[in-house]
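Open the model in your viewer and follow the stops below. The tour goes from the whole chain to a single side chain.

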Amino acid sequence: MTLDVTLIEGDGIGPEITAETVKVLEATGLRFSWDRRLAGMAAVDTVGTPLPDDTLESIRKTSLALKGPLTTPVGTGYRSVNVGLRKAFELYANLRPARSIVPGGRYQGVDIVLVRENLEGLYVGVENYVQVGSDPRAVAQSMAIVTRLGCERIVRYAFEYAVRHGRKTVTIVHKANILKMASGLFLEVARQVATEFDGRVASNDMIIDNTAMQLVMRPEQFDVMVTTNMFGDILSDEISGLVGGLGLAPGANIGPSAAIFEAVHGSAPDIAGKGVANPSAQMLAAAMLLDHVGEVERGNRVRAALEDVIVGQNIRTRDLGGTAGTREFGDAVARRVG
Ligand code: NAI
Ligand code: MG
């Protein structure tokens with residue numbers, strides 16, 4: 001079998017970390033057919049648009065993409081390509097796993113998968129100003145759009161993920177005490193979906209502010225978490241901080257007809273081209289891609305190899321306190337996988 005994957009190297013450190021990730025994926029023994037496409041600055045520079053049609057067309061065909069980080073220029077025009085991709089493919093589920101790998105970190109025993117709704121809530125961007133007297137911007141209004149369908153499919157995704165991956169508990173995170181409708185609907189639907197999984201997956205619910213505190217006090221209590229867009233955005237960064245930061249944080253964006261896997265971090269222009277970036281997050285994203293297509297054993301092998309290189313062999317990039325370059329680290333992981 002050959003797996004067709006759209007490959008977007010991305011900007012900044014993107015090409016460096018993607019090259020190592022491709023090497024590791026190929027070392028698993030699975031055959032890949034890479035359809036290399038452009039997006040972001042690289043696409044602007046070559047074809048004059050940040051999200052070319054042929055890139056979208058490719059993802060439509062393969063329904064699978066591995067994507068490097070894309071630079072969003074500050075000040076000048078174009079919309080975030082990441083948001084554009086989410087909308088184009090209805091990538092409603094954002095999956096952010098975080099597990100403590102590096103010993104001696106502040107937190108041990110963290111193994112959390114955050115499932116974030118990716119399309120709705122306050123981030124729909126329905127906003128306006130209201131003029132009062134001569135002040136045209138006296139009041140700003142922002143509308144959170146939450147649908148029953150949106151809530152149901154994200155919560156169902158979280159519970160089904162828990163079943164598939166042998167997870168025990170799903171924590172539903174909300175603010176239904178204050179946002180009685182926007183968050184209330186989410187909680188109501190979530191509790192209802194939870195009953196369908198009675199006896200298979202346990203569940204509880206927790207208010208967002210308490211959750212933020214519990215995460216820094218006792219993160220090991222959490223297993224799978226599911227929440228709406230903005231809460232998920234904030235919690236996922238908090239959670240990645242518990243396990244050593246951006247260099248180790250992968251993410252997946254999943255929709256009914258396509259899935260896009262990427263590191264959580266950006267294009268890191270400050271270290272681009274220097275060969276020192278940590279490719280781990282991109283490799284962990286690639287492992288999620290393998291899980292997604294049912295190659296869980298190979299996904300586990302990539303994760304185990306990475307952990308062995310970092311912990312067992314003590315080969316680490318600079319962000320983790322080591323001296324290894326991107327390629328040296330990639331070579332070590334590929335050797336261990338193969
Ligand atoms: P960033 O994540 O690129 O960098 C933040 C800090 O973390 C920098 O000091 C960087 O050197 C370090 N860092 C990030 N990834 C690393 C890695 N793999 N290994 C070692 N160090 C790493 O965030 P920043 O600087 O805010 O954004 C830079 C650009 O990336 C912007 O244009 C932004 O819009 C874009 N971006 C793109 C994302 C995506 O495509 N998914 C996500 C976040 C930002
Ligand atoms: Mg964010």
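What percentage of the 338 residues of the protein chain count as buried? The value is 51%. Keep in mind throughout that this is a predicted model.

**Whole chain.** Select the protein chain and show it as a cartoon. Its 11 helices and 12 strands should be visible. Switch to the C-alpha trace, which spans about 60 × 50 × 40 Å along its principal axes. The radius of gyration is 20 Å, which agrees with the value near 20 Å that a compact globule of 338 residues would have. Among contacts with a separation of 6 or more, 72% link residues 24 or more positions apart.

**Surface and charge.** Next, turn on the surface. About 15,200 Å² of the protein chain is exposed, and 52% of that comes from carbon and sulfur atoms. Then colour the charged side chains: 35 are positive and 39 negative, with the centres of the two sets 2 Å apart.

**Aspartate 223.** Now select helix 7 (208-217) and strand 10 (224-227); aspartate 223 lies in the loop between them. Is aspartate 223 buried or exposed? With a relative accessible area of 13%, aspartate 223 is under the 20% cut-off and therefore counts as buried.

**Around aspartate 223.** Add the side chain of arginine 167, which makes a polar contact of 2.8 Å with the side chain of aspartate 223. Finally, show the residues in contact with aspartate 223 beyond four places in sequence: Asp111, Ile112 and Val113, together with Arg167, Lys168 and Thr169.

Notes
Residues numbered from 1 in each chain as written. Chains lettered and ligands numbered in written order. Predicted model: local features only at pLDDT ≥ 70, side-chain atom pairs only at ≥ 80, totals over all residues. Heavy atoms only, no water. Helix = DSSP H or I, 4+ residues; strand = E, 2+ residues; numbered from the N terminus. Rg over C-alpha atoms; globule rule 2.2 N^0.38 Å. Buried < 20%, exposed > 50% of the residue type's maximum accessible area, 1.4 Å probe, protein only. Contact = heavy atoms within 4.5 Å. Areas by Shrake-Rupley, 256 points an atom, 1.4 Å probe, with all protein chains shown as cover. Lys, Arg positive; Asp, Glu negative; His and termini not counted. Charge placed at Lys NZ, Arg CZ, Asp CG, Glu CD. Polar contact = N/O pair within 3.5 Å; in protein donor to acceptor, adjacent residues only side chain to side chain.
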